[in-house]
Amino acid sequence: NGATIRDTNGNDAEFDYGVDTTPPSVAGRLVDGVAPTITSMTGPAAGTHIIGDVLEWVVTYNEAVNVATATPRLNITLDSGTILAPNSGGTGSANLTFQYTVATSDLDVDDWAYGNSSQIDLNGATIRDAALNDADIDYTGSEATLTGRRVDGVIPAMTGMTGPAAT
């Protein structure tokens, strides 16, 4: 492309080791261009979870990852809509935890699913390995639908009342 590389004295850089020059050693230099991938995901125990229950998910990567800049969130699809479980720990390890506290009006009467193919919403964060490769944020493993997990955050409401008959 016509570019040149010169030292501060204006001498052109030499790109040929020549006969009398030994190439530099590359021993101990490793290149890691492989992104961390999600290998499994576990969720809360089976049962019905009510207002105030803390639900926890663990996303396991094939290598240690670091979370930086902001707090990523795990998308969980309930019958009442998508909830976002913020990352609550695990940076520097292969296991990231995400927690959500069941709130009023959260509802799921069948089995919940991880939203958007279990996509982690980065929310401005980065999840990377030590070589700064961006981690995969989608998971489509067999755990994508969790059977036997229900959420009941709906407060019972009185819909009517009857009293004794008038005499």
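# Close-up views of the predicted model

**Figure 1. Arg-128, at 30% relative accessibility, is partly exposed.** This residue belongs to a predicted model. Arg-128 forms a salt bridge with Asp-134, and their closest N and O atoms are 2.7 Å apart. Asp-134 is likewise partly exposed, because its relative accessible area of 48% falls between the 20% limit for buried and the 50% limit for exposed residues. The pair is one of three salt bridges found in a search of the whole structure.

**Figure 2. A salt bridge links Arg-73 to Asp-121.** The closest N and O atoms of Arg-73 and Asp-121 are 2.4 Å apart. Arg-73 lies in strand E4 and Asp-121 in strand E9 (residues 120–121), so the salt bridge ties together parts of the chain that are 48 residues apart in sequence. Arg-73 is partly exposed at 24% relative accessibility, and Asp-121 is partly exposed with a relative accessible area of 24%.

**Figure 3. Arg-6 and Asp-12 form a salt bridge.** The closest N and O atoms of this pair are 2.8 Å apart. Arg-6 is partly exposed, with a relative accessible area of 49%, whereas Asp-12 is exposed, with a value of 54%.

**Figure 4. His-49 is a buried residue of strand E2.** Strand E2 covers residues 47–50, and the relative accessibility of His-49 is 12%; this residue counts as buried because the limit is 20%. Apart from neighbours within four places in sequence, His-49 is in contact with Pro-44, Leu-55, Val-102, Trp-112, Arg-150, Val-151 and Asp-152. One of these residues, Val-151, stands opposite His-49 in E12.

**Figure 5. Strands E2, E12 and E7 form an open sheet with mixed pairing.** The order of the three strands is E2-E12-E7. E2 and strand E7 (107–108) are the edge strands, each of which pairs on one side only. E2 runs parallel to strand E12 (residues 149–152), and four bridges join them. In general, strands of a sheet pair through backbone hydrogen bonds, either parallel or antiparallel.

**Figure 6. Strand E6 pairs in the antiparallel sense with E3 and with E5.** Eight bridges connect strand E3 (residues 54–68) with strand E6 (residues 93–101), while two bridges connect strand E5 (residues 81–89) with E6. Thr-97 of E6 stands opposite Val-58 and also opposite Gly-89. E5 and E6 form a hairpin with three residues between them. Gly-90, in the turn, has a positive phi of about 105°.

**Figure 7. The largest nonpolar core contains 24 residues.** Trp-57, Tyr-61, Leu-74, Ile-120 and Ile-127 touch the most other members of this core. Strand E1 (38–42), E3, strand E4 (73–78), E5 and E6 each supply at least two of its residues. E3 provides the largest share, six residues. In soluble globular proteins, nonpolar side chains tend to be buried together.

**Figure 8. Ile-127 has contacts with residues distant in sequence by over four places.** Its contacts include Tyr-61, Val-65, Val-67, Leu-96, Ile-120 and Leu-122. Among its further contacts are Asn-66, Pro-72, Asn-133, Asp-134 and Ala-135. Two of these partners, Tyr-61 and Ile-120, are named with Ile-127 among the core residues that touch the most other members.

**Figure 9. The loop between E3 and E4 contains Thr-69 and Thr-71.** Thr-69 is exposed at 72% relative accessibility, whereas Thr-71 is partly exposed at 36%. Although Thr-69 is not a glycine, it has a positive phi of about 85°. Most residues other than glycine have a negative phi. Thr-71 touches Pro-86, Asn-87, Leu-122, Asn-123 and Ala-125, residues up to four places away in sequence being left out. Thr-71 and Leu-122 are 51 residues apart in sequence, and their C-alpha atoms are 7.1 Å apart.

**Figure 10. Leu-132 has a positive phi, near 70°.** Leu-132 is found in the loop between strand E10 (126–128) and strand E11 (145–146). With a relative accessible area of 61%, Leu-132 is exposed.

**Figure 11. The whole chain provides the context for the close-up views.** The chain has one helix and twelve strands, in the pattern β-β-β-β-β-β-β-β-α-β-β-β-β along the sequence. Buried residues make up 28% of its 167 residues. Of the contacts with a separation of 6 or more, 72% join residues 24 or more positions apart. The chain exposes about 10400 Å², of which carbon and sulfur atoms supply 53%.

Notes. Residues numbered from 1 in each chain as written. Predicted model: local features only at pLDDT ≥ 70, side-chain atom pairs only at ≥ 80, totals over all residues. Heavy atoms only, no water. Buried < 20%, exposed > 50% of the residue type's maximum accessible area, 1.4 Å probe, protein only. Contact = heavy atoms within 4.5 Å. Pairing = 2+ DSSP bridges. Core = buried A, V, L, I, M, F, W, Y, C linked by side-chain atoms within 4.5 Å. Areas by Shrake-Rupley, 256 points an atom, 1.4 Å probe, with all protein chains shown as cover. Salt bridge = Lys/Arg side-chain N within 4 Å of Asp/Glu carboxyl O.
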